[in-house]
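Q: Here is a model of a protein chain. Please go through how its residues and contacts come by their labels.

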Amino acid sequence: MKLAFLFHPVKDLHESQQYYEGLGMTEAWREGNQVLGMSMKDCEVQLMIEEDEHDLGPGGVFLVDSVDEFYHEHEGKLNFVKLPCTIPPGRYAIYRDATGNPIRIIDSTNKD
């Protein structure tokens with residue numbers, strides 16, 4: 001697992017983008033009008049802001065080789081709150097750690 005993003009749910013993507021740009025971050029990528037990646041100077045980890053998953057709260061997004069393999073390896077051992085699903089770059093799932101924090105995992109199986 002490699003930390004790829006810090007995930008922050010937001011109420012207004014445009015307003016949040018302006019806020020983070022005011023802190024010196026720049027847009028790195030965008031998925032429609034709902035998800036935006038912000039890059040920070042001299043930092044490999046990006047901030048991912050999204051108008052979704054407010055009830056789960058912020059947390060890390062970790063890159064794995066295969067979300068499906070990770071899920072099958074850890075099914076029954078980890079508390080998955082979002083089962084593997086397809087998103088534009090690949091597959092995605094969420095589980096909670098021992099204290100309830102959301103841990104998001106993603107792979108890039110659909111990336112060209």
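Q: Why is Asp42 called exposed in this predicted model?
A: The relative accessibility of Asp42 is 77%. Exposed requires over 50%, so Asp42 counts as exposed. Asp42 sits in the loop between strand 3 (35–40) and strand 4. Asp42 also has a positive phi, about 60°, although it is not a glycine.

Q: Why is Arg104 called buried?
A: Buried means under 20% relative accessible area. Arg104 has 0% relative accessibility, so it counts as buried. Arg104 belongs to strand 8 (residues 102–106).

Q: What does the side chain of Arg104 reach, and with which side chain does it share a polar contact?
A: The side chain of Arg104 reaches the backbone oxygen of Gly57 at 2.8 Å. A polar contact of 3.3 Å joins the side chains of Arg104 and Tyr92. The cut-off for N or O atoms is 3.5 Å, and the 3.3 Å between Arg104 and Tyr92 is within it. Leaving aside neighbours within four places in sequence, Arg104 is in contact with residues including Phe7, Glu53, Val61, Phe62 and Ile94.

Q: What makes Lys2 and Glu44 a salt bridge?
A: A salt bridge needs a side-chain nitrogen of Lys or Arg within 4 Å of a carboxyl oxygen of Asp or Glu. The closest N and O atoms of Lys2 and Glu44 are 3.7 Å apart, and the pair forms a salt bridge. This pair links distant parts of the chain, with Lys2 in strand 1 and Glu44 in strand 4, 42 residues apart. Glu44 counts as exposed because its relative accessibility is 69%, where the label requires over 50%.

Q: How many salt bridges does the structure hold?
A: There are three. One of them joins Arg91 and Asp68, whose closest N and O atoms are 3.0 Å apart. That pair also links distant parts of the chain: Arg91 lies in strand 7 (residues 90–96) and Asp68 in helix 2 (residues 67–74), 23 residues apart. Another joins Arg30 and Glu27, with the closest N and O atoms 3.1 Å apart.

Q: Why do Arg91 and Asp68 carry the labels they do, buried or partly exposed?
A: The limit for buried is under 20%. Arg91 has 19% relative accessibility and therefore counts as buried. Asp68 has a relative accessible area of 26%, so it is partly exposed.

Q: Why is Glu27 called partly exposed?
A: Partly exposed lies between the 20% and 50% limits. Glu27, in strand 2, has 36% relative accessibility and so counts as partly exposed. Its salt-bridge partner Arg30 is also partly exposed, with a relative accessible area of 34%.

Q: With which side chains does the side chain of Glu27 make a polar contact?
A: One is the side chain of Gln17, at 3.0 Å. Another is the side chain of Arg30, at 3.1 Å. Not counting residues up to four places away in sequence, Glu27 touches Gln17, Glu21, Leu36, Gly37 and Met38.

Q: What lines the largest pocket?
A: Its lining has 25 residues, with Phe5, Trp29, Ile87, Pro89 and Ile106 nearest the centre. Among the elements giving two or more residues to the lining are strand 1 (2–9) and strand 6 (79–87). The lining divides into 13 nonpolar, two polar and 10 charged residues. The space in this pocket is about 720 Å³.

Terms used:
Residues numbered from 1 in each chain as written. Predicted model: local features only at pLDDT ≥ 70, side-chain atom pairs only at ≥ 80, totals over all residues. Heavy atoms only, no water. 1 Å grid on protein atoms, 1.4 Å probe; cavity = no way out; pocket = protein on both sides within 12 Å on 5 of 7 lines; lining within 4 Å. Points joined across faces, edges and corners; volume = space filled by probe spheres on them. Helix = DSSP H or I, 4+ residues; strand = E, 2+ residues; numbered from the N terminus. Nonpolar A, V, L, I, M, F, W, Y, C, P; charged D, E, K, R; others polar. Buried < 20%, exposed > 50% of the residue type's maximum accessible area, 1.4 Å probe, protein only. Polar contact = N/O pair within 3.5 Å; in protein donor to acceptor, adjacent residues only side chain to side chain. Contact = heavy atoms within 4.5 Å.
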